[in-house]
Structure formats: C-alpha cells, structure tokens
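Work through the exercises below with the sequence and the model open. Try each task before reading its solution.

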Amino acid sequence: MPALIQLPSRSNAFSRYTPSKNAYNDFINPALAAQSTVPTVSLHLPSQPQSSIHAQIEPLAESIKAILTFKPTPVSYHHISTLTRNIALKQPDLNKRVLDTFEQELVQTCQTITKELRRGLMARDKGILARITQEWRSLKHRTDLLRSLLVYLDPPAATEPLNSRVARVFRQQVWEDDILSSARCAELLDWLALERASSPSPSNPQQRQTIKDNFSLSRDLSLHSFEVETEKWLEATREYYLNTCQRKIAGIASHPEAAAYISWYLQSLKEEVCRAQWCVSMSFAEEVAGNILKETSEEVEDGGIILSAVYHALSLASDGSALAEVYEYTTNVMAFDILVSSVESFCKEKVGEIALRGATAKDEKEKEAVDGELMVWDLLALRRRINALIDSLFPPSIPDPTDGKGKAPLLDSDGDALMSSPPTHAIDEKLSKEHYFELSESVRTGFKAGLAKREAVPAEYVAKYLDRVMRRGSVKPPSSSTVPSDDVPSFQSHLSEIVHLSGLLLDKDVFKAFYGRSLAKRLLLSKSASDDSEKGLVRMLQKEMGEEFTAGDIMMKDLQVSETLVKAYQTANPSSNLNFTTNVLTESAWPASSSSSSFTSTTTTTTPVISPFRLPQVLQNDIASFEAWYKDRYKNRVLAWRWGLGSVTMTARFGQGTEGGEKRYEIGVSLYQAVVLIIFNDNDHLTVKDIRERSGIPVNELTPTLQSLALGKKGTRVLLKKPPGKEVKDSDVFGWNKSFSGDKFKFRINGIQQDISVEESKSTQNQISLDRTSILEATLVRLMKARKRLSLQLLIDAVVGEVSKRFPPDVKEIKKRVESLIEREFLERDEEDRGVLKYVA
C-alpha cells in the first residue's frame, strides 16, 4: 500500500523544537517514565537495518560544524535528533566521540572569533566590548540549538553539561585572551573617564548597557576576570579622585568655592555609586564609595574646607541646602567633629564682631552713638537663623503611608532597575539626636565665647533691650535692621529668645542688676505692657538662670503688700483724697540707688533722707496726712520719698477756647513736670535758674523735665523755650504757651529719658563692682572655713568654680582679695610653706 504522506528528506520542520527536559529519562529509563503520571504516546515503527559507525557520526559532525558556522546542515534536524537518540539507546560508547567532536568544532569556532576580534583591534576598530558580547550571544544561540538536538547525549547527571563546555571553551579561547582582555579593560577605563567628563548625564546610555552586559558575562564566565576588571575600576576611581580633589582643594580661595567643592564632591559620589550599582552590583557600589571616602578623607583633616563651607552656609547661603550638604559631607568622610568646631568658630567670630561694636570708641558721645538695641536684635536674629538651619538638618521622621510599597521602578530588558538610588549611609535615630545635641551645644559655646570678648556691655544692652520690649508689648525691629519682615517672631517667642540669650552671658550679675532696675521702673511707673507677661518673664528667667533669680517675684509681692496698705489708709481716713495713692515698698527688695529719684521706700533707719526738693503746698497736704497715719501705725519706721517716680493728673487751661472761654485739658505728667507747671501759675516766664531755685529739682532731673515740656512730641509742648534748641542753659527762658492747642482732651507728656540714664548706668556698674568684691571675699572665707588649710592655687580654682555661674572672675582680683583678708586677719600664710593658707578662727 503506498504511503499516504510523503516527507521530504531534508526539512527545517524541527528547527524551533526544544525537547523535554525529561527526554533522556523517557527513552533511556522507561521504568522511570512508567511511574510518571504524564500521558505518553508510543510509536511502533518497523526496524531499520543497522548503519555503520561512520555513517552515523559523519552527518552529526558535519551538522555540528554547519550550525556553528551558520551553514545549512547536510541532514534535517529530525534526522540529527534520531541519530543522537539511536546512539544514546543502542551505542552509548559513541557518546564521548560525538561530544569530543562537538568540543573540537566549538574550539575552532572560538578561535575564529578571536582572530576576527584581534583583526578588528589591529584595524583600530572601537567597541570591543560590544563585539565580544555580540559574539557570545550569537554563539550561545547556536549552541543552544545544538544542545536541543543533542539532548539525548547530554543527560542531567553528566560530568560536564554542554552549556558548561560552551562557557569553558569561550572563556579559554576568547574571554581570557591576553590581547582581548587588555582591550576590554582599556575600553572600560575610557568609558569611565568619558562618563565623569560628561557629568551629570551619562555620556552614552547604550554604552552603559554594554558595560553592564560585559560585567554580567564576566561574572558568569570567569570570576578571575571579573575581579580583575572591578579592581581596575577601583584603581582608576581612587587615582581620579585623589588627583582631582587635590587639584580642586588647592584652587579654593573663598567660602563659596569651598561650598561649591563640597557640592561637586557629593554629586560625584552619588553618580559614582549609581553607576557602579547599575553596571555591576550593590556590593561593588558600596566598595566604590568606601574607596572614594578613604582616599579623600585625608584631604579634610585640617578642617579648612569644612570651616569655609560652614561660613558660606551660615552667612552667605540663601537657604539650608548648603549646610545640609556640609553635614552630609562630614558624616561621609567621618569629620563631624570638624563640623561642630567650625560652627562654634563661626558663632564665636560673628557674635564677637557684633558685641564689639563701639568698643573702640574714645569718648562718651561715640559710645552713646552705638545702637545697643540693634546689637541685641542682630544677636537674636543670628541665633534664630543658625538654630533654624540646624533644625532643618533633622526633620521629624514621617512614616511612609505606602509601607514601602510605592511606585515600581523602571526596568530594563533584563528586569533590573534602569536607575536606582545610591546607597545612603543611614544615620539611626540615636546618632541623629547626638548630632543635633552636639551642634546645638556648639552654637551655645560659640555665642558664649563671642559675648565674652566684651566685658559687661552685652549684658547691659540685653537687659535694656528686654526693658524696651516689655514696655512696648510687641516686637518691633530697629529702624536700621536689615532682617526681612517675615522673619520677625511673635512676642512670646521673642521673649524666649531674649531669655535664652541672657543665659549665655558670662556677666549674669550685670544683666541681673540692670534688669532689676528696669523692672522696678516699669512696675512703679506702670510702664509694663502686661503684668502677666512680667510674671511669665520672671519664671522663664528663673528657669534659665536658677531659682536664686528671685528679684522680680519679691518686687511684685511687695507691690501687692503696698496696695493692701494703701487700702487700709483709705479705709481709716474716709475723708482723705481718694485720688492720692502711693507705693510703700521695702528697700531691700528693690535696687539700691544713690539718686533721690529712684523709688519710694520704707527703711528701718531712724534718720530720714533729706532732699532739696520742695513739694508745692497743694500736693503736700495729702503726703503729710499719709505720713502721720503711717508713723502712728509703724512707730519704728521712717518713710523716704523718691519723688522722681511720682505721677500727677492735672487740669491745665490755655488761651481762648472756641466759645470765647479758656480751653481745658487733662494732662498726665510726672511729679517733677507737675511741680514745674504749678510754678507757672504765678509767672508767665522764668529762667532755668529761677525754676531750679523755686522747685529744688536736681539738675540732672530738671533738664530732661524742661525738655519734655517744651521740646516733646507735637501736641504736648505746653511750654515755650527761648532761644530755641535742645541744649538747656541757666540763662534760657521758659514761658507758658498760652496759644497751646491739642487734638485730645486727655493726653500724657512722656519724659525725655525713660530708660536707664548714663548716670544710673555708671552707678549700677560701680555697685556691681562692689558686689563682686563682696562675693569673692565671702566665697574665700566660706571655703577656707570649711577646709581650714588649702594651697593658694587650689583655693583660686575653687573660687573660680563657685562664682563663674554669676560672673567671670579675675584671678588677679581674687589674689587681691586674698591679700586683703590676710591683712584683716581672716586668713594667714603657713610659716613652713608660704604657698599654703590657713583659716584664722
């Protein structure tokens, strides 16, 4: 019977056929196949006459060679597969011969590839990496086809599978060829140099993919070649950054250039890590980063670059990114301690520059011309800016709402991320807190050192500035300030900033003395914007400077006691003038003063304070009535009046009113102003000398009083001065302004000088010097009384440790106090060792 289907003798019908992985077991071990649950189909064909060995081997050898050389096979793929099956089943002793033939043809093919590649190098063709990769892929495709045809000769348990033979032969003949290896390394290094030159974008994305394929192939074929190539990469990277960093550092001549160098360094490091991670592996990227950091860390040991970059970040940069880069740089190169010291040096220098304004003034006019308010404002603004920049380095951690399941990265053809983030040197929360604390402390230390460059003056200015803020009850930048309007803090925040700044002052006793005087004036003259703010400020100062800072509490409690006392007087004397009030205060609770205008107080002394000031009779009656009641109630106390802090509300009449009568005003004035105005009830014009003789007002108080009445704000000038001008002389004439006209029925005439005057400042400084002397002597006596015997040096160290919380002690002054105590027989020197002191009981 003729065949129903005629099959061609040669065909490519099975060219895409890939046998099952279990094909070998299916045919060679039918027992195993029988155990399988997979259905099988058995074909029973008539047996063919046995052919000779040569007839079986030669078609296979020719077919292997043809496939490897891209030529047509002499027999069909089905025939090749049948021959290998027959050999595997019936003539297994021919397996080795067929496989040896396969390897011989493979060696010849690889040798041909090597020759072609070398010929291309001789012709100076470029792209050796791409060509080798392409040759490997082509060979791999052909050998995969041969593996599928020779599958019966390639069992899973074979000593060397066909794919391993292919990799071994290609490695030996092509990959590890000395000339080709050198060419591959040279092209790799050229590509690295080109990538760095074209930063920040890749020079050739296609070439980058070729480099990645090269390293992937090198890792699969030869671990030795992979190590050689990665070492070449590392060596070139070390050399490049060593030379480049040295050259760039040598060319740095300014703070912006140092900041630019750090920006370049960080950007380059990220690019190197990304490049190494994408082309090789994550572990190699970390090794690259480690090598770069090791080679460049030695260049920053002196700290010059970091110091310059910190100066740029804290003074010239427009935002916090510059400081963030410096912080990242120092943590990478293990130089965080240099960053801390650089921040401290910057603060010390800048604060010192601000604090030393006017320090070289030769006369009082130049000193007075220094704007103390602007000085303190600039200090606060500087500290606010630095703290904000440091806070921006450590933002609060916000958990990822996607729990790490964010958008999928872009993948390349191999399934790898096309661009990945560089490995970051993550700083754990504990280390981050330590860094924040160290940087904050460096700012405090730098401010302390800068403020210490000028003795006492910064503390005085801070106290006076605080007084102005508490009087206004709001934050108002000085007119000459350059701070942006959006950088002005709230009132409470500003108070907190001032208190923190006062805690950095070394001369805390100076601040305390001037603050006490200012607070006393605000309380007695009712000039404070808010009593609650004053109480809150006292609590903040106690928290910053210690519980011994109790002056504010005592004064406020004393005022409450005085208010209760005045109510008792008004209850006991119902017929008295209810408009009369006074503050009866305990002298020890308030700042001491030699001026007659400090405050109203009570004292336990029996001798009254005598003042040349003469109170007009119209005001004397109420005072006399109160004195009589007070002396009757407190027999052993004597009142000492401080007239300069008194105030009066009086009615004044000027010229002709709108209806032909006199125009009346209700004016709030100080007691001295009221006395001067009352004198003009009987005189239209008086000289300064006449006013002083009739009122008894001290000269230092009379001049600002007259200036406030005649030269004050428009609408408050109730007196006229001849000749015009701010200077007041004894011969100047002041007269009643009959033509005065104001916009308001009630108004207040403020004094020219409401802050602490120059005389009061000098008096306060003198009192501080006396107090320091007393504190040093008391501390010396207390320490020697406790220890009985102590060397001079140890005693000095102990005294410095004791009093440094209040003020910076002078060692020379301590030695003077020691000599004074020896002269007064509180201490004595040891006869055997003159350097040892003994306490005299």
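**Exercise 1: Charges over rings**

Task: find what lies over the face of Y634, and at what distance from the ring centre.

Solution. R637 lies over the face of Y634, 4.6 Å from the ring centre. The test for a charge over a ring is NZ of Lys or CZ of Arg within 6 Å of the ring centre and within 35 degrees of the ring normal. R184 lies over the face of W175, at 3.8 Å from the ring centre.

Two notes on the source. This is a predicted model, where local features need pLDDT of at least 70 and side-chain atom pairs count only at pLDDT 80 or more, while totals for chains, interfaces and linings use all residues. Residues are numbered from 1 along each chain as its sequence is written, and side-chain values use heavy atoms, with hydrogens and water left out.

**Exercise 2: Aromatic pairs**

Task: count the aromatic pairs, then classify Y327 with F336 and F654 with F740.

Solution. Start with the rule. Rings of Phe, Tyr and Trp (its six-membered ring) pair if their centres lie within 6.5 Å; planes under 30 degrees apart are stacked, over 60 edge-to-face, and the rest tilted. The count comes to 29 aromatic pairs. Y327 and F336 have ring centres 6.0 Å apart and planes at 80°, so they are edge-to-face.

Next, check burial (buried: under 20% relative accessible area; exposed: over 50%; partly exposed: in between; 1.4 Å probe, protein chains only). Y327 is buried at 9%. F336 is buried, also with a relative accessible area of 9%.

Now the other pair. F654 and F740 are tilted, with 4.9 Å between centres and 50° between planes. F654 sits in strand β3 (residues 647-654) and F740 in the loop between β7 (733-736) and β8 (746-748), so the pair ties together parts 86 residues apart in sequence. Helices (H or I, at least four residues) and strands (E, at least two) are DSSP runs, numbered from the N terminus. F654 is buried at 1% relative accessibility. F740 is buried at 7%.

Ring pairs also build a cluster: Y569, F626, W629, Y630, Y634, W641 and W643. Y634 of this cluster is the residue with R637 over its face.

**Exercise 3: The second largest cavity**

Task: give the volume of the second largest cavity and class its lining.

Solution. Rolling a probe the size of a water molecule over the atoms shows where empty space is left. Here a 1 Å grid over the protein atoms alone is used; a cavity is a set of points where a 1.4 Å probe fits but cannot get out, and lining residues have an atom within 4 Å of a point. Points are joined across faces, edges and corners, and a volume is the space filled by probe spheres set on the points.

There are 2 cavities of 30 Å³ or more. The second largest has a volume of about 50 Å³. L451, A452, R454, P458, A459, L505, L506 and D507 line this cavity. By class, 6 are nonpolar, none polar and 2 charged. Ala, Val, Leu, Ile, Met, Phe, Trp, Tyr, Cys and Pro count as nonpolar, Asp, Glu, Lys and Arg as charged, and the others, Gly among them, as polar.

**Exercise 4: Two helix residues**

Task: place S225 and E802, and list their contacts beyond four places in sequence.

Solution. S225 is in helix α10 (residues 223-250). S225 is buried at 7% relative accessibility. Contact means heavy atoms within 4.5 Å. Beyond sequence neighbours within four places, S225 is in contact with W175, E176, R184 and S218.

E802 lies in helix α29 (residues 792-803). At 39% relative accessibility, E802 is partly exposed. Residues up to four places away aside, E802 touches T779, R782 and L783. E802 and T779 are 23 residues apart in sequence and 7.6 Å apart C-alpha to C-alpha.

**Exercise 5: Backbone checks**

Task: find the geometry of the peptide bond from K722 to P723, and give phi for R124 and E825.

Solution. The bond from K722 to P723 is cis, with omega near -5°. P723 is in the loop between β6 (719-722) and β7. R124 is not a glycine, yet has a positive phi of about 60°. R124 lies in the loop between α5 (95-122) and α6 (128-149), and is exposed at 74% relative accessibility. E825, not a glycine either, has a positive phi of about 65°. E825 sits in the loop between α30 (811-823) and β10 (827-829), and is exposed at 62%.

Note on methods: On a 1 Å grid over the protein atoms alone, a cavity is a set of points where a 1.4 Å probe fits but cannot get out, and a pocket is an open set with protein on both sides within 12 Å along at least five of seven lines; lining residues have an atom within 4 Å of a point.
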